[in-house]
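Please open your viewer and get ready to select residues one stop at a time. Each stop says what to pick and what you will find there.

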Amino acid sequence: MLPHSRKDAKFDSKSKLNELNELAELYNCNNVIFFEARKRQDLYVWLSKAPNGPTVKMHLQNLHTMEELHFTGNCLKGSRPILSFDAAFDNHPHLRVIKELFFHSFGVPQGARKSKPFIDRVMGFSVLDGKIWVRNYQICEEERSAVKLAKEKSGAGETKNSTSGPVDETDMRLVEIGPRFVLTPIVIQEGSFGGPIIYHNREFISPNQVRADIRKSRASKHNARAEQAVMRLSKKGELGLRSEGGVQPPKDDLDRKTLFS
């Protein structure tokens, strides 16, 4: 997806992320994409414009690869994409900032290293329910059959005062390549991996909190069942229905039920 990028997988520190600016300067890079994995089940993505910022932190969900969903699309290795953004990106200031970061991070400049002078795919960014949905498509061109071309030419000849140009002999459609994923913006910082926070998503709930709530709900159900069992045993004891080892306790001659029966 990013033929002009440089990879580095040896960064272990999660507390001193500003050291990534030095790494970007070492590789002569202007943009940084950092994937932060937590507890082997949560994935966060940091996009930064080094060395001055801004930086956005997002939670990545629903990641599906080409191999997993058997996508039929394909593209040339090293080709440049067309970036397609939803109109909703221009409605909010924080989405405009994220749009610029996407444009600089995923856009491949003309003549960049390891890139080919071809454009045969489209990356789509859409906004829905406060999340950003990312898709990758192949631009597929197919030649039309002779029957379709004959019908279109005959239809164009029958119409009077036709202002249409020559009939296009190719059909163009989009075929998904993958991967596809969903991003939830969390925080936007003014600097590169630091600085004051200029946007904070108050509606975002961390996956840890979601899992903790699920555990609490399960524990509350178990506690309710345990309390019901204790209350049931106490009621049986008050009514004299409880037995010890399957044997009823012996009757007491001074018991009220025996004396006043």
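The tour starts with the whole chain, then visits charged pairs, a strand residue and two surface patches.

**Stop 1: the whole chain**

Keep in mind that this is a predicted model. Show the chain as a cartoon: you should find 6 helices and 9 strands. Of the 261 residues in the protein chain, 30% are buried. Now switch on a surface: about 18500 Å² is exposed, and carbon and sulfur atoms supply 53% of that area. Contacts tell you about the fold as well: among those between residues at least 6 apart in sequence, 62% join residues at least 24 apart.

**Stop 2: Asp42 and Arg211**

The count of salt bridges comes to 5. Select aspartate 42 and arginine 211, whose side chains meet in one of them, at 2.8 Å from N to O. Aspartate 42 sits in strand β2 (residues 42-49) and arginine 211 in helix α5, so this pair ties together parts 169 residues apart in sequence. Which of these words fits aspartate 42, buried or exposed? Aspartate 42 is buried, because its relative accessible area is 7% and the cut-off for buried is under 20%. Arginine 211, at 23% relative accessibility, counts as partly exposed.

**Stop 3: the network around Glu176**

Next, select glutamate 176 and arginine 135. Their side chains form a salt bridge with an N to O distance of 4.0 Å. This pair links distant parts of the chain: glutamate 176 belongs to strand β7 (residues 170-176) and arginine 135 to strand β6 (residues 131-143), 41 residues apart. Both glutamate 176 and arginine 135 are buried.

Leave glutamate 176 selected and add arginine 180. Here too the side chains meet in a salt bridge, this one at 2.7 Å from N to O. Salt bridges with shared partners therefore join Arg135, Glu176 and Arg180 into one network. Glutamate 176 has a relative accessible area of 13%, whereas arginine 180 is partly exposed at 23%.

**Stop 4: Gln189 and its surroundings**

Move to glutamine 189, in strand β8 (residues 180-189). Its relative accessible area is 16%, so glutamine 189 is buried. Which residues does glutamine 189 touch, not counting those up to four places away in sequence? They are Trp46, Pro54, Thr55, Gly194, Gly195, Pro196, Ile197 and Ile198. For a distance to draw, try the C-alpha atoms of glutamine 189 and lysine 57: they are 8.4 Å apart in space, while the two residues are 132 apart in sequence.

**Stop 5: a positive patch**

Bring the surface back and select Arg6, Lys7, Lys77, Arg113, Lys114 and Lys116, which gather in a surface patch of positive charge. Pick out lysine 116 from this group: you will find it in the loop between α3 (93-106) and β5 (119-128). Lysine 116 is partly exposed, with a relative accessible area of 37%.

**Stop 6: a nonpolar patch**

For the last stop, select Ile205, Val210 and Ile214. These residues form a nonpolar patch on the surface, and together they have about 250 Å² of accessible area. Valine 210 lies in helix α5 (residues 207-239), the helix that also holds arginine 211 from the second stop. Valine 210 is partly exposed, with a relative accessible area of 39%.

How values were computed:
Residues numbered from 1 in each chain as written. Predicted model: local features only at pLDDT ≥ 70, side-chain atom pairs only at ≥ 80, totals over all residues. Heavy atoms only, no water. Patch = residues over 30% accessible without salt bridge, like charges linked within 9 Å, V, L, I, M, F, W, Y side chains within 5 Å. Areas by Shrake-Rupley, 256 points an atom, 1.4 Å probe, with all protein chains shown as cover. Helix = DSSP H or I, 4+ residues; strand = E, 2+ residues; numbered from the N terminus. Buried < 20%, exposed > 50% of the residue type's maximum accessible area, 1.4 Å probe, protein only. Contact = heavy atoms within 4.5 Å. Lys, Arg positive; Asp, Glu negative; His and termini not counted. Charge placed at Lys NZ, Arg CZ, Asp CG, Glu CD.
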